[in-house]
Amino acid sequence: MHGLMKSIIPETELMDFKEFLAMLEQQEKTFLLRNEIVLAFEEYCDANGKDDAFRTGSGMFQFLRKVQELFIGKTHTVIIHRYAVARYRFYQLRNDAEYMEEITIPHFLNLKDHHVTKGRSEGSELHLDFLPFYDFSPSIRDTKAVGNGIRFLSRYLCSNIFQNPREWKRRSFDFIKLHKHNGQQLLVNGDVIQGLRHCLEEMQALTPWLRSQAPDTPYSEVSSRMKRHGFEPGWGNTAGRIVENMEMLEELINEPTDVMLETFLSRVTLPMISKIAIISPHGWFGQENVLGKPDTGGQVIYILDQVRALERHLKEKIALTGVEAKPEIIVITRLIPEAEDTTCDQRKEKIHNTENGWILRIPFRDKHHNVIQEWVSRFHIYPYLERFADDAESELLREFEGRPDLIIGNYTDGNLVATQLSDKMDVIQCTIAHALEKTKYLFSDLYWEEMEEEYNFSLQFTADILAMNKSDFIITSTTQEIVGTEYAMGQYESYQFFSLPNLYQVVSGVDLFAPKFNVIPPGVEEQIYFPFYQHEKRVRHKKEAWERRLFSDLSDDIHGMFEDQNRIPLFTMARLDKIKNITGLIEAFGMSKLLREKCNLIFAAGTIHVHESKDAEEQAQIRLAYELINRYRLHGSVRWLPSIPKLETGEVYRIIADHGGAFIQPALFEAFGLTILEAMATGLPTLATEFGGPQEIIVDGESGFLINTSGPNLMAKTLEKFVDACHEDSDFWKRISDNSIERVQSHFTWRLYSERLINLAKLYGFWRFTVAARGKHKMDRYCEFIYHFLLKKRAEQLEGD
């Protein structure tokens, strides 16, 4: 027996390990993921009468529970062992378990390709490796600090002040001098003040006079004196605030701390961020009649709420700087001429409840400059994105009368366009993935060629790695999006190494320990999603109308009538696609006698008519939904509504709560889950998938419940436990409801989100200007090469003639 094997599996368990591997060899599947490996181990224990100590305490179990995947070949089994968060070892194990060796990432990827292609891989693969291009950036060592890049980076910058004070002071003053708004110089006049030392001298001369003024003296009354000393607007709106900020700068230069650096940048450089471009090309981006259409869901809600929150925050904070500036936020999306019942054919649309927030729509154009008339799936828009970015640059320069201060990309397509705009306009870039498809579609990297016609994953995954490496900073809603959990791989983590056989191998796709990742969970609109028991806020006629529509109305766009409306209503709402797994919930409901007897199922998704859908995946799910309803004879206990308008969803959640119901989020994977937050905010108990972001929203068993959605039978078990608990304990439902409301109100607000996002933009802007710009040029050239000779070339081939 090889020594490496003995160091991993205790000698007393080696025979069990051999027999377990032999059992796996007998299965048809040759690729197994962690969840399947753990289930197979449980089956082995059941078959061999193993006790609880072996099931949960054996060395074999401790090893297997951290195996992310394995594949079984003719002579060897290859294992990925995630021994710590985002840390891996790769093993090749002879199938008789007599020999085991550790292998490198390239070797592992070659074996994987060879296994998938059955030896038909071309060899000489193109290797993509981004890690060498992070030599300009510090690296986080403690995985617990991943997701708090701003704090790590501010500490790093402060340490640089001590190591090279003269150079740092020069760059810092250049950064302060850089600030302008609509052509107006801010903070310092470079013609009057010559360098940081001169700036501090003028401050020391000016601040005694400022202190002699009343603290609330407005800036307009001290501005002329400040200008004589070389100081421009931006230091504060009152004499007292101006003194505080000037003293803070002096203290920061002499004895810098990370907290002081973040505070100074947040207070003094606010006008630096007043014009924001948010990029979201795909789907139907609008404010009415769009939710539930293909490719249109939580991302639209997120962005519209984000715009309103950012504008409120910026208006409040800019007022404190003494600068007369109004924030302007523009969402760039696609104009769809054949807009159906939406406003997606309108060039410009004001965002509700904003003063200066806009949707600006730009059409897709083909290579002959003809406007694309119909909706295009998010998986097929890549040929149009470069021309879209060119047009977006012109439109933004016109609308803003200059460059934006910050560009925020959303999803793969928006992040790719944001990358191009950031390069063209030299503007700081923020990336928000929302969902990385690679983790949603199992083995979508290995079998990309089989899926390419429908999904174009080769383009999507390449665009993902370009954007995440080019971006100045990345926002996620949860830590697990970045580095997963103790036992499960994160979304960004899945891009560290992977292969698209016969195209390229990624040996290092992104540096998870670069301080660009920051966790900022979104919030909910409190005016829409308030607790169900706040009756004074509820509109009676709206409540009554939705009560009828949910439970009793006859309508051509609703399928199903309830035999007994007094059963517990289980409600879900999402797009009708495979990942959202509504059909999986229907099957779980249908196969459970208890749920059929005690509950009704209400789901709002897409349309009930196949012919009204233009999306092949949605059409397939509609047909499957009907097939399941018929198979389990659910006609008296299931009700299917079309998608519900955003502004109505709060009252819908509250009505379900009035009836003692629950919200079910059955997705196979959910990056975050805004609908989960919204339902919880109204006091509606929520049961959501355990795969993805809901783990960081719901405290399982206290403020909701996590469901294993990998099989209908597993879903049904958790739902049955919830229903039984509601019947056995009269206070159970109320306890979960109260805890849900408290959880959202204390941890998920747009006010906190906006403050953190703007602070990130300012610190990373400072980092980009003072340090990163000089170091990133190698990364930029590498990414340009990949874009032009890999992604763009394949996108052009997709468009054809």
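1. In this predicted model, Thr-583, Ile-586 and Glu-587 of helix H21 are in contact with Gln-621, Leu-624, Ala-625, Leu-628, Ile-629 and Arg-631 of helix H23. By class, the residues of this contact are 5 nonpolar, 2 polar and 2 charged.

2. The geometry of that pair comes next. H21 covers residues 582-590 and H23 covers residues 616-631; their axes are 9 Å apart, and the packing angle is about 5°. Angles under 35 degrees count as roughly parallel, so H21 is described as roughly parallel to H23.

3. A second helix worth following is H14, residues 385-400, which has 16 residues. At 1.5 Å a residue H14 should span 22 Å, and the C-alpha atoms at its ends are 21 Å apart, so the two values agree. Directly after H14 comes Glu-401, with a positive phi near 55°.

4. Which residues of H14 are buried? They are Leu-385, Arg-387, Phe-388, Ala-389, Ala-392, Glu-395, Leu-396, Glu-399 and Phe-400. The elements that cover these buried residues include four strands, E9 (275-279), E10 (328-335), E11 (348-350) and E12 (357-363), together with helices H15 (411-425) and H29 (777-799).

5. H15 deserves its own point. On the H14 side, the residues that meet H15 are Leu-385, Glu-386, Phe-388, Ala-389, Asp-390, Ala-392, Glu-393, Leu-396 and Leu-397. On the H15 side, they are Asp-413, Leu-416, Val-417, Gln-420, Leu-421, Lys-424 and Met-425. The residues of this contact comprise 10 nonpolar, 1 polar and 5 charged.

6. How do the two helices lie against each other? The axes of H14 and H15 come within 9 Å and cross at roughly 55°, and the pair is therefore classed as oblique. The crossing of H14 past H15 is right-handed.

7. Turning to single residues, Asp-129 belongs to strand E6, residues 126-129. Is Asp-129 buried or partly exposed? Its relative accessibility is 27%, so Asp-129 counts as partly exposed. Setting aside residues up to four places away in sequence, Asp-129 touches Val-507, Ser-508 and Tyr-782. From Asp-129 to Phe-789 there are 660 residues in sequence, and the C-alpha atoms of these two are 16 Å apart.

8. Phe-551 lies in helix H20, residues 540-551. Its relative accessible area is 3%, so Phe-551 is buried. With neighbours within four places in sequence left aside, Phe-551 is in contact with Phe-562, Gln-565, Pro-569, Ile-602, Arg-639, Ile-655, Ile-656 and His-659. Phe-551 and Gly-57 are 494 residues apart in sequence, and their C-alpha atoms are 50 Å apart in space.

9. Ile-301 is part of helix H13, residues 298-318. At 9% relative accessibility, Ile-301 counts as buried, since the limit for that class is under 20%. What does Ile-301 contact, leaving aside its neighbours within four places in sequence? The residues are Leu-291, Lys-646, Leu-674 and Glu-678. Ile-301 and Glu-525 are 224 residues apart along the chain, and 9.9 Å separates their C-alpha atoms.

Technical notes:
Residues numbered from 1 in each chain as written. Predicted model: local features only at pLDDT ≥ 70, side-chain atom pairs only at ≥ 80, totals over all residues. Heavy atoms only, no water. Expected span 1.5 Å × (residues − 1). Buried < 20%, exposed > 50% of the residue type's maximum accessible area, 1.4 Å probe, protein only. Contact = heavy atoms within 4.5 Å. Axes fitted to C-alpha atoms, helices over the stretch in contact; angles between N-to-C directions. Parallel < 35°, antiparallel > 145°, perpendicular 65-115°, else oblique. Left-handed = near helix turned anticlockwise from the far one by under 90°. Nonpolar A, V, L, I, M, F, W, Y, C, P; charged D, E, K, R; others polar.
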